[in-house]
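The following exercises are to be worked with the sequence and the coordinates at hand. Each task is followed by a solution in steps.

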Amino acid sequence: MKNISTISIVIPVYNVERYLEKCLYSVINQTKIDIEIIIVNDGSTDSSLKICKSFAEKDGRIKLINKQNGGLMSAWITGVLESHAKYIGFVDSDDFIELNMFENLYNEIIKYDADVVIDGYIQSNNNKEQIKEFDEFKMFTNNRSNHLILNDYMTSYLNKENNLSMSRWNKLYRRDIIISNLQYLDQSISLGEDVNMNFAVLADCDKIVFIPHSAHYHYVYNPVSIFNKYDLNTVLNINRLNCALLKIANVKNIDTNLVSIFIGNMIYEEINKIFINSNSFYYFKTTLTSMFAKCECINDLNRYSQKRNIFIKLFIYLILHHHFHIAYYMKKIYYLIRNEQVNG
């Protein structure tokens, strides 16, 4: 039978039994019914596959793919390759969406004949919600979109008013642009997967539309797991991501400084995690020394520091010159003063 779906929705699944039913109900009950739902179970060891099968039995629009665990990027790439519609969107299986999300995104991408439309999102954290949306309609075309959007995208952390998410899930894409950029994606990356894709895809878009006063995606936010854990393997992922982004930049004539600033920010955030987890100067020094030995792009901190305030510039200078002792206690004093100001 000929596929008549206008949108393919890809949902990667891995050990999310706690959240999965809420996610899938929000997708199958979309007001836009001519959708193809591709669920990719990435080797779950909990009851996620059982839940997926029960939904697939009840809804003929669902295509369930069961594969060995290969990571998030591997899962959604598998879903992309199995999709058929002209447009494609993504939903992470521990999140959920408003029931009219894809109808709204589809109407906008058709209305403006866009390559990608970008929506706001709702950040959910311990039953508290924060809406991240755009204040005005924006449309970027050709080289203007390539340069301005990529600059905003790669430096979004510098501007708290910039609600441009680096993720796949609040966007609707033309499928063929993603397909043509799969060659640039490194499936061994397990950090910054969405940046790897969007950096390549957005560079090829002739028309990008921002939808104002609109937020349909509920991103379930876990600050503990994101900010407070440090893993030395993260450095290896940063190295891989850096190589992937530089390859894209060189092929597509994108300013490599954007890559350097972004990677520098990632390294700085890892240093912050080391500091937060440090209960002694010895741990701080030895962990940083180990990190520096593995980090091939440590000097990207220089480019990143140029965008930050004088305290961060000084802290990074001390770190890069291995004055760990001074940096450690300077940061301790900074946090002490900041906490006193907040509590006072």
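**Exercise 1.** In which loop is arginine 168 found? Determine also whether arginine 168 is buried or exposed, and list its contacts beyond the sequence neighbourhood.

Solution. The model is a predicted one.
- Step 1: Arginine 168 belongs to the loop that runs between helix H5 (142-154) and strand S9 (171-174).
- Step 2: Its relative accessibility is 0%. Since buried means under 20%, arginine 168 counts as buried.
- Step 3: With neighbours within four places in sequence set aside, arginine 168 contacts Leu72, Trp76, Phe90, Asp92, Tyr173, Asp194, Met197 and Asn198. Asp194, Met197 and Asn198 are also among the buried residues of H7.

**Exercise 2.** How many residues of H7 are buried, and how are the axes of H7 and H9 oriented with respect to each other?

Solution.
- Step 1: In H7, 11 of the 11 residues are buried, so this helix is largely enclosed by the rest of the structure.
- Step 2: The axes of helix H7 (residues 193-203) and helix H9 (residues 233-252) come within 10 Å, with a crossing angle of roughly 5°.
- Step 3: Angles under 35 degrees count as roughly parallel; H7 and H9 are therefore roughly parallel to each other.
- Step 4: From H7, the residues Val195, Asn196, Phe199, Ala200 and Ala203 meet Leu241, Ala244, Leu245, Ile248, Ala249 and Lys252 of H9.
- Step 5: By class, the residues of this contact of H7 with H9 comprise 9 nonpolar, 1 polar and 1 charged.
- Step 6: The spacing of contact residues can be read against helix geometry. An α-helix has 3.6 residues a turn, so residues three or four places apart point the same way.

**Exercise 3.** Which residues have the most contacts inside the largest nonpolar core, and which helix gives the most to this core?

Solution.
- Step 1: The largest nonpolar core holds 72 residues, and Ile263 and Ile267 have the most contacts inside it.
- Step 2: Helix H10 (residues 256-277) gives the most to this core, namely 10 residues.
- Step 3: Apart from this core lies another, of 34 residues, which includes Val117, Tyr121, Trp169 and Ile211.
- Step 4: Isoleucine 263 touches Ile238, Leu241, Asn242, Leu245, Cys297 and Asp300, residues up to four places away in sequence being left out of the count. Leu241 and Leu245 also take part in the contact of H9 with H7.

**Exercise 4.** How many disulfides does the model contain, and why does cysteine 52 not form a bond with cysteine 23?

Solution.
- Step 1: A disulfide requires two cysteine sulfur atoms within 2.5 Å, and the count comes to 0 disulfides.
- Step 2: The cysteine sulfur closest to that of cysteine 52 is in cysteine 23, at 9.0 Å, which is too far for a bond.
- Step 3: Cysteine 52 counts as buried because its relative accessibility is 0%. Cysteine 205 is likewise buried, its relative accessible area being 1%.

**Exercise 5.** Where do histidine 213 and histidine 322 lie, and what are their phi values?

Solution.
- Step 1: Histidine 213 lies in strand S10 (residues 207-220), whereas histidine 322 is in the loop between helix H13 (310-320) and helix H14 (324-343).
- Step 2: Although not a glycine, histidine 213 has a positive phi of about 50°. Histidine 322, also not a glycine, has a positive phi of about 65°.
- Step 3: Histidine 213 counts as exposed because its relative accessibility is 55%, and the cut-off for exposed is over 50%.

Conventions
Residues are numbered from 1 along each chain as its sequence is written. This is a predicted model: local features need pLDDT of at least 70, side-chain atom pairs count only at pLDDT 80 or more; totals for chains, interfaces and linings use all residues. Side-chain values use heavy atoms; hydrogens and water are left out. Helices (H or I, at least four residues) and strands (E, at least two) are DSSP runs, numbered from the N terminus. Buried means under 20% relative accessible area, exposed over 50%, partly exposed in between (1.4 Å probe, protein chains only). A nonpolar core is a set of buried Ala, Val, Leu, Ile, Met, Phe, Trp, Tyr and Cys residues joined through side-chain atoms within 4.5 Å. Contact means heavy atoms within 4.5 Å. Axes are lines fitted to C-alpha atoms, for helices over the stretch in contact, and angles run from 0 to 180 degrees between N-to-C directions. Angles under 35 degrees count as roughly parallel, over 145 as roughly antiparallel, 65 to 115 as roughly perpendicular and the rest as oblique. Ala, Val, Leu, Ile, Met, Phe, Trp, Tyr, Cys and Pro count as nonpolar, Asp, Glu, Lys and Arg as charged, and the others, Gly among them, as polar.
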